[in-house]
Amino acid sequence: MLNKGFLGPIGDDLPSLIPLLFALLIFFATFSFSYSTFSQKNTGFQRDLDVLNIARVLKGTNYVSGYQAFLDSCNSLNPTNLKYRAVITNYFTATTQYLGLPDAAPKEQIEAASLGLKSYMLEPFSVTVGTPPDDEKKPLECRVDASGLNPGFFSETPFVVKIYPLVVEDDRVVKPMHLVVVAWTK
Amino acid sequence: MDQMKGFILQFYRPVDKRDMNASRAHARARGQAAVTDALYFLLIVTGITIFLFGFANSYGVTVDSELVKNYNVDFTTDALKTILYSSVPRDPEQSLYDNSGEIDHLLAYVKEDFSDNSKLEPATKKVLAQNIIGIMNPVANNFDYLFIISVPEGFTNPESFVFVFFHKSNLRPVKIVEDGLGGYEYHPEDAPKRDTIMGIPEGVLPFTDYVCGYEQALPDCNPSDYDALKIEIDSLLSGVGDTSQSSSKINLPKTEINGPGFEAVQAQAELTIWNATYLSDVTANELNQAPWNCVDILQITC
């Protein structure tokens, strides 16, 4: 009969503990959500900035004077926590040449040949190095990850693609092309 | 015995009913206060949570749009540099990769052509346009753009547009209609309605490339009125939303009126891009008329 209704120091405050615990629960849930959102967005921004820096170094003045100049720019890059593949391609400016079709190929044929071609799979343009008869073709490609790149890989990995126009001097002809930078963090 | 009784009583005292009621009331009041405190706490935490949630959702939106803007400006600047640096085949039917073709720097070709009569020949316009189309190819489906070479007013030359190239998407109001095969088709509508969206109607090319600024239909192919076309271009650019612009000075030579030499004319090359937009007041019919005088690049005559 004594102390009727007394459930103990915690039990006595049980009704007040329910909103208190609920408040703490939603606070920490939101905090955790916000933190993961910040972290995710910051990673995305950092990746974007890294891609911009890679592109800035590789394109220089937008005039690539040859393979050696491109190679020097490529070797000067040292991004951390980022994997990338940067190629200079003539796919956009000389589509028929890139696809191995005649210049006067009909539009339908060009569309059929380029069907399924993704920006991250574009092949690099090969510039002439040296003088005949010792000349050779070298691809304008710069990458840090040698693992196989395929559509399956990119369907699971978030990646960023940036494309920049530039010119490449090849065999004394200044050809308009594009620098395609693909970057991912996995 | 009395001592023991006293000892027990000091621990055991019969409870007074009044004391018990007071104690209960006190406990109840204390409990209510604790619940009220907890509810206030919940209220404050809910406020903080809403703020945190909103902040997390809006975080980075400005940075993201700035990054996109910077990329667009970078792309525009790079594209203009690339256009002006490029080599081109002198024959528009040939390719830059054709070993038998005559290759020249684009600017040299343009300067040579301009020096005769301060105009560009159709072949030069075609070569220039093809070069621009190739360079802008990666953004052609998403952006409209305008490339202009103009000559400001000088001592010996009037203001004029030397070359105006307009890449315009054919966006218009469309209605989504089922095609009976489980898919959908875009059918054109005359004007935006509640159930229409902006899209490319079935059978219409996604965009058209125009060369403007010359009266193509007339035999002497006079240039459009500079001021009228300038007003139209300014009006167009003011209505398309955010634009990214890049411009560069180029020297064009002009034959001296009283002499065998050339004088340099300071021209301006400008490239402006913007997100593909439906423009109700710039229809294809208006583009065909003065002062635009635009024609499809494939139908250029002068």
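## Strand pairing in the β6-β5-β7 sheet of chain B

B:Arg172 has B:Gly199 of β7(B) as its bridge partner. The model is predicted, and this pair belongs to the contact between β5 (residues 172–178) and β7 of chain B, which run antiparallel and are joined by four bridges. Towards β6(B), strand β5(B) makes five bridges, again in antiparallel fashion. B:Lys175 appears in both pairings: B:Thr196 stands opposite B:Lys175 in β7(B), and B:His187 stands opposite B:Lys175 in β6(B).

Together these strands make an open sheet of three strands, in the order β6-β5-β7, with antiparallel pairing. Its edges are β6 (184–188) and β7 (196–199) of chain B, each of which pairs on one side only. On average, and with direction ignored, neighbouring strands of this sheet are turned by 55 degrees against each other. In a regular strand, side chains point alternately to one face of the sheet and the other. The hairpin of β5(B) and β6(B) has five residues between the strands, and B:Gly180 in that hairpin takes a positive phi near 85 degrees.

## Chain B as a whole

Chain B contains seven helices and 11 strands. It has 302 residues, of which 38% count as buried. When contacts in chain B between residues at least 6 apart in sequence are considered, 62% join residues at least 24 apart.

## Disulfides

How many disulfides are there over all chains? The count comes to two. Such a link is a covalent bond between the sulfur atoms of two cysteines.

In chain A, A:Cys74 is joined to A:Cys142, with an S to S distance of 2.0 Å. The link is right-handed, with 90 degrees about the S-S bond. It connects distant parts of the chain: A:Cys74 is in helix α2 (residues 67–75) of chain A and A:Cys142 in strand β5 (residues 141–143) of chain A, 68 residues apart. Both A:Cys74 and A:Cys142 are buried.

In chain B, the disulfide is formed by B:Cys212 and B:Cys294, whose sulfur atoms are 2.0 Å apart. This link is right-handed, with 100 degrees about the S-S bond. It also spans distant parts of its chain, from B:Cys212 in strand β8 (residues 207–212) of chain B to B:Cys294 in the loop between α7 (284–288) and β11 (295–296) of chain B, 82 residues apart. B:Cys212 has a relative accessible area of 1% and is therefore buried; B:Cys294, at 2%, is buried as well.

## B:Thr208 in strand β8

B:Thr208 is found in strand β8 of chain B. Is B:Thr208 buried or exposed? Its relative accessibility is 13%, so B:Thr208 counts as buried, the cut-off being under 20%.

The side chain of B:Thr208 makes a polar contact of 3.1 Å with the side chain of B:Asn170. Outside its neighbours within four places in sequence, B:Thr208 is in contact with B:Phe166, B:His167, B:Lys168, B:Asn170 and B:Asp296.

## Backbone details in two loops

The loop between α7 and β11 of chain B holds B:Pro291. The peptide bond from B:Ala290 to B:Pro291 is cis, with omega near 0 degrees. B:Asn293 is found in this loop too. It has a positive phi of about 50 degrees although it is not a glycine. B:Asn293 is buried, with a relative accessible area of 9%. The loop also contains B:Cys294, the disulfide partner described above.

In chain A, A:Asp171 lies in the loop between β6 (159–170) and β7 (173–184). A:Asp171 has a positive phi of about 55 degrees and is not a glycine. Its relative accessible area is 55%, so A:Asp171 is exposed, the cut-off being over 50%.

## The interface of chains A and B

Which numbers of residues do chain A and chain B bring to the contact? Chain A contributes 52 residues and chain B 45 residues. The two chains bury about 4100 Å² between them, with 69% of that area on carbon and sulfur atoms.

Within chain A, the residues that lose the most area to chain B are A:Phe38, A:Phe45 and A:Pro165. Together they account for 13% of what that side buries.

Technical notes: Residues numbered from 1 in each chain as written. Chains lettered and ligands numbered in written order. Predicted model: local features only at pLDDT ≥ 70, side-chain atom pairs only at ≥ 80, totals over all residues. Heavy atoms only, no water. Pairing = 2+ DSSP bridges. Axes fitted to C-alpha atoms, helices over the stretch in contact; angles between N-to-C directions. Disulfide = S-S within 2.5 Å. Buried < 20%, exposed > 50% of the residue type's maximum accessible area, 1.4 Å probe, protein only. Polar contact = N/O pair within 3.5 Å; in protein donor to acceptor, adjacent residues only side chain to side chain. Contact = heavy atoms within 4.5 Å. Buried area = accessible area lost by both parts, 1.4 Å probe.
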